[in-house]
Amino acid sequence: MAAMIEVQNLTKYYGSLRAISELSFSIAGGQVVGFLGPNGAGKSTTLRILCGYQPASSGSARVAGFDVFNQSRQMRAHIGYLPESTPLYPEMRVREYLRFRARLKGVSGAQISRRIEQVNGQCWLAEFINRPIGQLSKGMRQRVGLADALINDPQVLFLDEPTIGLDPTQIRETRHLIGSLGEKHTVVLSSHILSEVEATCNEVIIIARGHKVAQGRPRELGAQVAGQSSLIVEVQAPAAALQAAVAALDGVRQVQVHENDGWLRVRVEPQGGNDLRQPLSRLIQQKGWPLRELRREVASLEDYFVKIVAGQ
Amino acid sequence: MGGAWTITRKELLGYFCSPIGYVVLVIFLGLNGYLFGMTNLEPGMEASLRPLFGRFMPLVLLFIMPMLTMRLLSEEFRSGTIETLMTAPINDAAVIAGKFLGALLYYMVLLATTLFYLIPLVRHGTPDWGGVVAGYLGLVLVGALYIAAGLLFSACTSNQIIAVICSFVFLALLAVITDWIAMNVEGTPRFLLQYISVGYQYGDFVRGAISLSSVAYFLTGTFFLLFVSVKVLESRRWR
Ligand SMILES: Nc1ncnc2c1ncn2[C@@H]1O[C@H](COP(=O)(O)OP(=O)(O)O)[C@@H](O)[C@H]1O
Ligand SMILES: [Mg+2]
């Protein structure tokens, strides 16, 4: 099966600022994909391009089998989009708004009421469906925006930071809802919160400063970076001798030594996935250096992400 | 043009539910009622709607039409709803057409309220029906042109105040100032200025005549402004 979303060398300039550069990825159908990156990474820019709101400066993209640039209108009939700020018309009532959006998206007259009832059930709108949107709380507005994105039963859903500004209960409910959407739709959600993506997505694409840095299943990505875990050792020893002895061990990539209240704190980075705990403890025993700590610092996806955010 | 009518309906309903719709309605009714009462309800006057269709109408509309059009697109840009609007399967021309028709229909509802003024005329005299038809046609054409201009400025900015001021200045130039300058110059400049002046082109309708060249002027102007609005809307997304 062809990919549901296919992006090639997508680049977007705002004036002279390059918001995304040479972004390429492909996403198979029927998944919940997390688009993860710090603020300003270019997530919203990418989603806006994929939804046909704004054109890219260069590159190409296909969504649901349509070219985003040349077949924009056909493509837009097959997507749902929830922008970051959940823009709605405050003067309209929820039901009236959904009816307007359904008509605009070409849902046939006979289907409209049925679709409204369906999204009403999916997004728990019942308690406020007849109220003006201007009176709703942030969480309710978010559900209305989601209901709008779903109203045409689209193949692909783009949700830009769908849980931003919600309280913890609402976040859990929204995540649950998004998870359930993955069964019928391909969902792309953006987020700057790692745990959110880990909790809801089958696949993660990490972007930073407009570049794609990694793509994969959250577990795989975690394992990939866990291989780079380093060892922390605290001993009392002559600094130069310690540094030389550790660096001479097999499979050591890098050694850093710091003085810390009379003890030397050593950070040992292994080459690839080498486990250096045994060689290192043997070395220290041989030398007879007093040891007060030896532990492995398992790099999590979180650390990896924090590093990326900090600029590597 | 799929979707245009959906937008038209939303905008039209919006005027009936919004303060600005009522403000405009009240100003319109008040001014017309006042002027109609001043000039017509006296014995011996001619039985026509001439005060309503008179030369000052483009001036009255100059003040109220920008208020009707200012929020049409500015508000979509300000609130961000432009993103959901333009990612629906609808093209830019349909958005402009839908908004334009929504405002035009509301304006025609305003105009329809003046049909009541015909009642005393019919009861106490014989109205000049040709003049009535020409007058209403003229007003619809002037309104359409003004709405198209207001829509254009609304597409240019996310600030309603800027939109209303720009529309007002532009329409003042088109409706009054060109006419006024034209009276003070001679020859070709005068002819050209008169040609682009709403006040001048509207003159025939005031006299109860329908001139094809004036109709063509208003239609061309309206379509041209709508066309530019579509281009502006397109270009705003490119940035
Ligand atoms: N309309 C715009 N005009 C100019 N610069 C923009 C615009 N939108 C976004 N940017 C810039 O592009 C970069 C990426 O922004 P964005 O896609 O919103 O990031 P994210 O959604 O990941 O936080 C940022 O540096 C931002 O300032
Ligand atoms: Mg964003």
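**Reading the definitions against the model**

By the rule used here, the count comes to 21 salt bridges over all chains. The model is predicted: local features need pLDDT of at least 70 and side-chain atom pairs count only at pLDDT 80 or more, whereas totals for chains, interfaces and linings use all residues. Residues are numbered from 1 along each chain as its sequence is written, chains are lettered from A and ligands numbered from 1 in the order in which they are written, and side-chain values use heavy atoms, with hydrogens and water left out.

User: Why is the pair A:Arg292 and A:Glu234 called a salt bridge?

Analyst: A salt bridge requires a side-chain nitrogen of Lys or Arg within 4 Å of a carboxyl oxygen of Asp or Glu. The N to O distance for A:Arg292 and A:Glu234 is 2.7 Å, so the pair satisfies the rule. The pair links distant parts of the chain, 58 residues apart: A:Arg292 is in strand 14 (residues 291-297) of chain A and A:Glu234 in strand 11 (residues 230-235) of chain A. Helices (H or I, at least four residues) and strands (E, at least two) are DSSP runs, numbered from the N terminus.

User: What makes A:Glu91 and B:Arg71 a salt bridge?

Analyst: The closest N and O atoms of A:Glu91 and B:Arg71 are 3.9 Å apart, and the pair therefore meets the definition. Between chain A and chain B the count is two salt bridges.

User: Which elements give two or more residues to the side of chain A that touches chain B?

Analyst: They are strand 1 (5-14), helix 2 (72-76) and helix 3 (94-104) of chain A. Helix 3 of chain A gives the most, with five residues.

User: How do you know how much area chain A and chain B bury between them?

Analyst: Buried area is the accessible area (1.4 Å probe) that two parts lose on being put together, summed over both. For chain A and chain B this comes to about 2400 Å², 58% of it on carbon and sulfur atoms. A:Tyr53, A:Arg76 and A:Leu104 supply 29% of the area that chain A buries against chain B, more than any other three residues. The contact (heavy atoms within 4.5 Å) takes 25 residues from chain A and 23 residues from chain B.

User: How do you know which residues surround ligand 1?

Analyst: A residue is near a molecule if one of its heavy atoms lies within 4 Å of it. Among the residues that surround ligand 1 are A:Tyr14, A:Gly40, A:Lys43 and A:Ser44.

User: What makes the approach of A:Ser44 to ligand 1 a polar contact?

Analyst: A polar contact is a pair of N or O atoms within 3.5 Å; within protein, one must be able to donate a hydrogen and the other to accept it, and residues adjacent in sequence count only if both atoms are side-chain atoms. An N or O atom in the side chain of A:Ser44 is 2.7 Å from an oxygen atom of ligand 1, so the pair qualifies. A backbone N or O atom of A:Gly40 lies 2.6 Å from an oxygen atom of ligand 1, and a polar backbone atom of A:Lys43 is 2.8 Å from an oxygen atom of the ligand.
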